[in-house]
Structure formats: structure tokens, C-alpha cells
Amino acid sequence: MSFFQKGAVIETERLTLRRWTMRDMAGFLRFAADPAVMLSAGAVPVLTEEQARGELRRAADDPYVFAIVRKSDGEIVGKIKFQGDYRRYRTHSVSIGYELARAYWGNGYMTEAVRAMVRYAFETLRVDVVAVSHFLGNERSRRVIERAGFYFEGIMPCAFSRADGEVMDDVCYSILRSEYESGKMSPVRRL
Ligand SMILES: CC(C)(COP(=O)(O)OP(=O)(O)OC[C@H]1O[C@@H](n2cnc3c(N)ncnc32)[C@H](O)[C@@H]1OP(=O)(O)O)[C@@H](O)C(=O)NCCC(=O)NCCS
């Protein structure tokens, strides 16, 4: 993915999505040190200061990784990123991944952030497909994805070995450019 505009900031009604800096450690740890949040996202919780600095550095160095900042008080509530869509081969596609600190669940922040990322992916990055997936059983993430207008593709069994050793099935979704442009939101895709 080399088509990203460096330093991009994405605005929504209540949120600013912006690049991470090394000064964001307190906000980063709100979710990155929480095993329940990180394991659900297929990530590894940070356990030591050194790991925390390393992971924050990785986020800060990656122009596709955003801090989700609440406009009302400037608090970092979570993280959202574009990543390679590794289930597709040589297509112009991105996948979205996200984590929200538990204290901020239930306010619609992630749905708002995901919608903005989808818009940015089609309108600015000009991709043809936006993909997302969640582990089978992650109902909160399923609802975010459905509210953001994604189409269900199918379930990939035995898709991901988590940091705790549990092997997870992945529920896969996408939006095609034609679907985004038609503005239709339907649970059933007709190809
Ligand atoms: C997945 C995750 C981001 C979902 O968090 P969430 O708070 O449920 O999602 P949102 O921020 O979109 O909030 C939606 C909820 O807020 C409610 N809500 C309250 N005020 C709202 C508002 N103004 N606008 C929209 N929704 C609002 C909605 O009803 C919804 O609740 P419901 O799903 O029970 O109906 C969070 O659970 C998480 O970080 N989990 C661990 C990591 C993870 O699983 N990552 C995803 C990997 S695929």
C-alpha cells in the first residue's frame, strides 16, 4: 500500500483520526494493555514498558495506523488502521482493523470511525474493495461491521491462531466500489 497520503487526518462529527506520536502512551495503554481487547482483535497485549514503547513506535511509524481522538475532551479512545487485505491477491484493496478501550464502548465511536475509514478508502485512496473480518463470536464487532454497511462473505474456519494459542474462525466481510457508489445497504450481495 504505497498510495497513502502521509500525515492524513480524518474528521468525523465526534472524532479525529490522526497519526500516533510517542507522547500518546497513556491513551495507547488504555486498550493495548487490556488482554480482552487485544486478544479479540487478534493482537498481543503489551505487558512491559519496553513492549509498550516498541508497539507505540510501530504505530507511530505507520501512516496507515490512526489514534481515535474524542473531540470533546481530546482523549484517545482507541486505534484504527488500514492493513493489507491478505486474502486477496494483487487487487486494489485494504482491510480495516480496530480496538476501542473498554471504558468507551457503547457510544457508537467505532461505528463512526469505521464509516469514515470506508469513505476515505474509496474516495481518497481510490481502492476497489474494503475488507474487514472478526472472530466468530465477537458480536460487538459484528454489529459495528453491519452498521457500517459491509456485506457478509462467509466464514473461514481455522483462520487465525491467537496469541493465547486458541485457533479462531474468521467471519469475513467486504464492500465493493460499485456497492459503495450505489449507496445501497443490503444484507445480501448479488454478484
Ligand atoms: C469491537 C468494538 C470496537 C465494539 O465496540 P462498541 O462500543 O460495541 O462499538 P461502537 O463504538 O460502534 O458502539 C456501538 C454501540 O453503542 C451504542 N450507541 C450509543 N450511542 C450511540 C451513538 N450516538 N451512535 C451510535 N451508537 C451508539 C450502540 O447502540 C451500540 O451498542 P449495541 O451494539 O449493543 O447496539 C469493541 O468491543 C472492542 O474494541 N473490542 C475488542 C477489540 C475487537 O474486537 N476489535 C475488533 C476486531 S475485528
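This passage walks through the ligand site, the salt bridges and a few local features of a predicted model.

Residues are numbered from 1 along each chain as its sequence is written, and side-chain values rest on heavy atoms, with hydrogens and water left out. As the model is predicted, local features need pLDDT of at least 70 and side-chain atom pairs count only at pLDDT 80 or more, while totals for chains, interfaces and linings use all residues.

Start with the ligand. Its shell holds 22 residues, where being near means having a heavy atom within 4 Å of the molecule. The closest are Gly106, Thr111, Asn138, Arg140 and Arg143. Sorted by type, the shell has eight nonpolar, nine polar and five charged residues; here Ala, Val, Leu, Ile, Met, Phe, Trp, Tyr, Cys and Pro count as nonpolar, Asp, Glu, Lys and Arg as charged, and the others, Gly among them, as polar. Helices H2 (35-40), H4 (109-123) and H5 (139-147) and strands E5 (93-100) and E6 (129-135) each bring at least two residues to the shell, and H5 gives the most, with five. These elements are DSSP runs numbered from the N terminus, with at least four residues for a helix (H or I) and at least two for a strand (E).

Arginines come up repeatedly at the ligand's oxygen atoms. A polar side-chain atom of Arg140 sits 2.5 Å from one ligand oxygen atom, an N or O atom in the Arg143 side chain is 2.6 Å from a ligand oxygen, and for Arg147 the distance is 3.1 Å. On its own the ligand has 950 Å² of accessible area, and the protein covers 75% of that (Shrake-Rupley method, 1.4 Å probe; for residues, only the protein chains shown count as cover).

Now the salt bridges. Side chains of opposite charge can pair when their charged atoms come close. A search of the whole structure turns up 19 such bridges, each being a side-chain nitrogen of Lys or Arg within 4 Å of a carboxyl oxygen of Asp or Glu. One of them joins Arg102 and Asp34, with the closest N and O atoms 2.8 Å apart. That pair ties together distant parts of the chain, 68 residues apart: Arg102 is in the loop between E5 and H4, and Asp34 in the loop between H1 (25-32) and H2. Arg102 is partly exposed at 46% relative accessibility, whereas Asp34 is buried at 12% (buried means under 20% relative accessible area, exposed over 50%, partly exposed in between, with a 1.4 Å probe and protein chains only).

Arg162, in the loop between E7 and E8, is buried at 15% and bridges to Asp164 at 2.8 Å, N to O. Asp164 is partly exposed, at 41%. Arg162 also comes within 6.8 Å of Leu39, C-alpha to C-alpha, although 123 residues separate the two in sequence.

Glu153 belongs to a salt-bridge network with Asp85 and Arg88. The Glu153 side chain also makes a polar contact of 2.6 Å with the side chain of Ser174 (N or O atoms within 3.5 Å; within protein, one able to donate a hydrogen and the other to accept it, and residues adjacent in sequence counting only if both atoms are side-chain atoms). Ser174 lies in strand E8 (residues 167-176) and is buried, at 0%.

Finally, a backbone oddity or two. Most residues other than glycine have a negative phi. Arg90, in the loop between E4 (76-84) and E5, has a positive phi of about 55 degrees and is exposed at 73%. Cys158, in strand E7 (residues 151-161), has a positive phi near 50 degrees and is exposed at 61%.
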